[in-house]
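Please open the model in a viewer and keep the selection panel at hand. The tour below proceeds stop by stop, stating what to select and what is found there.

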Amino acid sequence: MAGRLKIGLLGGSFDPVHNAHIRLALAAREHLGLDRVELIPASAPWQRSPLHTDARHRLRMLELALASEPTLTINPSELERAGQTYTIDTVQALDPAHDYIWILGADQLANFCTWHAWREILNHVQLAVAARPGYAPDPPADLQQALLDTPDKPLLHIPFEPDPTSATWIRQALARGHPVQDLLHPHVLSYIHTHHLYQNGASARAHTL
């Protein structure tokens, strides 16, 4: 029987998945001593604009990006559940036989107390934050108090050079024909070109890590 695992969880739209997502997942795995990191593509994030690419494309791009990273896997639970994506539903469905670390950027940390049932989320996972440009990796006051009330789950910090890469910028660059090969796995970029994704020039408010 397998022992208790320490598993990282990295949610996102992955529209498209880019190299900064992969670097963050690998940094978290190494620094936090995780057995694996599960990337969780969102179905319909309730706090964001509608996604630009349907689930099958986003899932396939993740498969291509992670093919050579055996400790990074895909958790498709939100796509299988469909409808609006709430993190609380995702963490409630986790196997309690393991320990979970929810990985997020400092921008998401600043917004965490607006998440649906955010206090209950803390009952299921420990938080780990990575720096993002323009944001200090410090919790808002309500979250800081909640963390003090659960001393066995302190906020963890992931050493990670702030990365300005965003899926929004990549989509816009692709629509304009600008080079993005340094930002995407080559197989992901090939898939985007093959399926003519992100070619309409549409823009949305910034999607973060």
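The stops that follow begin with the sheet and its helices, then turn to a helix pair, an aromatic cluster and two single residues. Please bear in mind throughout that this is a predicted model.

**Stop 1: the sheet**

Display the strands in cartoon form. Six strands make up an open sheet, ordered β3-β2-β1-β4-β5-β6 and paired in parallel. To find its edges, select residues 72–74, which are β3, and residues 156–158, which are β6; each of these strands pairs on one side only. From one strand to the next, the twist averages 30 degrees.

Now restrict the view to β5, residues 126–130, together with β6: the two strands are joined in the parallel sense over 3 bridges. One residue pair to label here is valine 129 and its bridge partner in β6, histidine 157.

**Stop 2: helices on the sheet**

Select residues 19–32, which form helix α1. This helix lies across β1 (6–12), β2 (36–41), β3, β4 (99–105), β5 and β6, and runs at about 125 degrees to β6. Next add residues 55–66, helix α2, which packs on the sheet and touches β2 and β3. The directions of α2 and β3 make an angle of about 160 degrees.

**Stop 3: the pair α2 and α9**

Keep α2 in view and add helix α9, residues 186–194. How are these helices arranged? Two packed helices are described by the angle between their axes and the distance between the axes. Here the axes come within 8 Å and cross at roughly 150 degrees. Angles over 145 degrees count as roughly antiparallel, and α2 and α9 are therefore roughly antiparallel to each other. Their crossing is right-handed. To see the contact itself, show the side chains of Arg56, His57, Arg60, Met61, Leu64 and Ala65 on α2, and those of His187, Val188, Tyr191 and Ile192 on α9.

**Stop 4: an aromatic cluster**

Select Phe112, Trp115 and Trp118, which together form one aromatic cluster. The structure holds 2 aromatic pairs. In one of them, phenylalanine 112 and tryptophan 115 are tilted, with 4.7 Å from centre to centre and 45 degrees between the planes. Phenylalanine 112 also pairs with tryptophan 118: the ring centres are 6.1 Å apart and the planes stand at 75 degrees, so this pair is edge-to-face.

Are the members of the cluster buried or exposed? Phenylalanine 112 has 0% relative accessibility and therefore counts as buried. Tryptophan 115, at 14%, counts as buried as well, and tryptophan 118 is also buried.

**Stop 5: threonine 85**

Move to the loop between α3 (77–81) and α4 (87–92), where threonine 85 is found. Its relative accessibility is 10%, so threonine 85 counts as buried. Add alanine 42 to the selection and compare sequence with space: threonine 85 and alanine 42 are 43 residues apart in sequence, and their C-alpha atoms are 6.1 Å apart.

**Stop 6: glutamine 126**

Finish by returning to strand β5 and selecting glutamine 126. At 15% relative accessibility this residue is under the 20% limit, and glutamine 126 therefore counts as buried. Which residues does glutamine 126 touch, not counting residues up to four places away in sequence? They are Tyr100, Ile101, Trp102, Lys153, Pro154 and Leu156.

Definitions and conventions:
Residues numbered from 1 in each chain as written. Predicted model: local features only at pLDDT ≥ 70, side-chain atom pairs only at ≥ 80, totals over all residues. Heavy atoms only, no water. Pairing = 2+ DSSP bridges. Helix = DSSP H or I, 4+ residues; strand = E, 2+ residues; numbered from the N terminus. Axes fitted to C-alpha atoms, helices over the stretch in contact; angles between N-to-C directions. Contact = heavy atoms within 4.5 Å. Phe/Tyr/Trp six-rings, centres within 6.5 Å; stacked < 30°, edge-to-face > 60°. Buried < 20%, exposed > 50% of the residue type's maximum accessible area, 1.4 Å probe, protein only. Parallel < 35°, antiparallel > 145°, perpendicular 65-115°, else oblique. Left-handed = near helix turned anticlockwise from the far one by under 90°.
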